[in-house]
Amino acid sequence: MALVIAHRGASGYLPEHTLAAKTLAFEMGADYLEQDIVASRDDELVVLHDVHLDRVSDVALKFPNRHRADGRFYARDFDLEEIRQLQAWERMNADGTAVYPDRYPARSGDFRINTLAEELELVGALNRQFGRNAGIYPEIKRPAWHKSEGVDIAPLLLEQLQSAGYEGRDDPVFVQCFDADEVRRLKVELGCPYPLIQLIGDNSWGESPTDYDALRSPEGIASVAEVADGIGPHLSHLAELETVDGVPVVGPLAGLAAEAGLLMHPYTFRADDVPPGFANFDDLVQFFVREVGVDGLFTDFPDRVISLLED
Ligand code: CA
């Protein structure tokens, strides 16, 4: 059965990456809980999707003068003690409107941004008390940028995973990254003992120095298979969604990945943001599970995917 990966927690219901969102995802029965990892000024690993704080917190109210020239507030410019003072909010657009208006109310709730260590403790405690083995799925965010800012996240992450008791491939953990050089380094240089997932984006996003057009080619996928256990592509990379007759078809990347023996964990399955070509969320999930044959799905709505997979 395909793995259900709670994308930033049960982020369809509670502000992303808060311990509340992770606890809810655990209770829903997600197989894996995702952590995005960025570094604070004092080199603490915090769980945040962006290197910026301003779209998911009240940082601009509490520290109005601490933005950079581009107007953004960077986690790297704040000590953990300062980040702890922030309220974590449902994700906003640049103009302050909610990205997903039907989700948790904007600028509300008493939520905090937490460290990776705190989240690992939570997952460990819940697993022990409920007799479960829910996994973790940390992503190293923008490693090249972080190194240019004087911090190397990968070794810090591996140390924390070891001290939290994750020893190797038999433990429920995947490590993911968009940067192909970093995935290779994790495997070859740092001897990462955990399964690795190469995330695949579009070059237009500027997410990393990696050329994703090249990475999706047969040669690119072969090079990924040398170091990684799977790929994490956008769902539009695995299927052609907007066809002439309106019926989505499986794309070539799915075949390449399957041939190379790579797991497929596409993102992001959102009940309130169903892409064209699908009548509803159920059709979307069923197509990727049955037609594309994915091994796991990143979703903001773990409960919905779990109930579909159980049918
Ligand atoms: Ca992520």
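## The second largest cavity

By class, 7 charged, 2 polar and 1 nonpolar residues make up the lining of the second largest cavity. This is a predicted model, and you can follow that lining in it residue by residue: H7, R8, S11, E16, E90, R91, Y100, R103, R270 and D300. The charged residues there include R8, E16 and D300, while Y100 is the nonpolar one. The volume of this second largest cavity comes to about 60 Å³.

## The largest cavity

How many cavities of 30 Å³ or more does a search of the whole structure find? There are 2 of them, and the largest cavity has a volume of about 70 Å³.

Its lining reads differently by class: 7 nonpolar, 3 polar and 2 charged residues surround the largest cavity. To find them, look for P15, E16, H17 and T18, then V47, L48 and H49, and then V56, A88, W89, R112 and I113. E16 is worth a second glance, as it appears in the lining of the largest cavity and also in that of the second largest cavity.

## The calcium site

Now turn to the metal. Which residues coordinate the calcium ion? They are E34 and E139, each through OE, and D36 through OD, at 2.1 to 2.3 Å. Along the chain, these donors follow the spacing E-x1-D-x102-E.

The pair E34 and E139 links distant parts of the chain, 105 residues apart. E34 sits in strand β2 (residues 32–39), and E139 belongs to strand β4 (residues 135–140). Are these two residues buried or exposed? Both E34 and E139 are buried.

Technical notes:
Residues are numbered from 1 along each chain as its sequence is written. This is a predicted model: local features need pLDDT of at least 70, side-chain atom pairs count only at pLDDT 80 or more; totals for chains, interfaces and linings use all residues. Side-chain values use heavy atoms; hydrogens and water are left out. On a 1 Å grid over the protein atoms alone, a cavity is a set of points where a 1.4 Å probe fits but cannot get out, and a pocket is an open set with protein on both sides within 12 Å along at least five of seven lines; lining residues have an atom within 4 Å of a point. Grid points are joined across faces, edges and corners, and a volume is the space filled by probe spheres set on the points. Donors are N, O and S atoms within 2.8 Å of the metal (3.2 Å for Na, K and Ca); water is not among the atoms, so sites may look incomplete. Helices (H or I, at least four residues) and strands (E, at least two) are DSSP runs, numbered from the N terminus. Buried means under 20% relative accessible area, exposed over 50%, partly exposed in between (1.4 Å probe, protein chains only).
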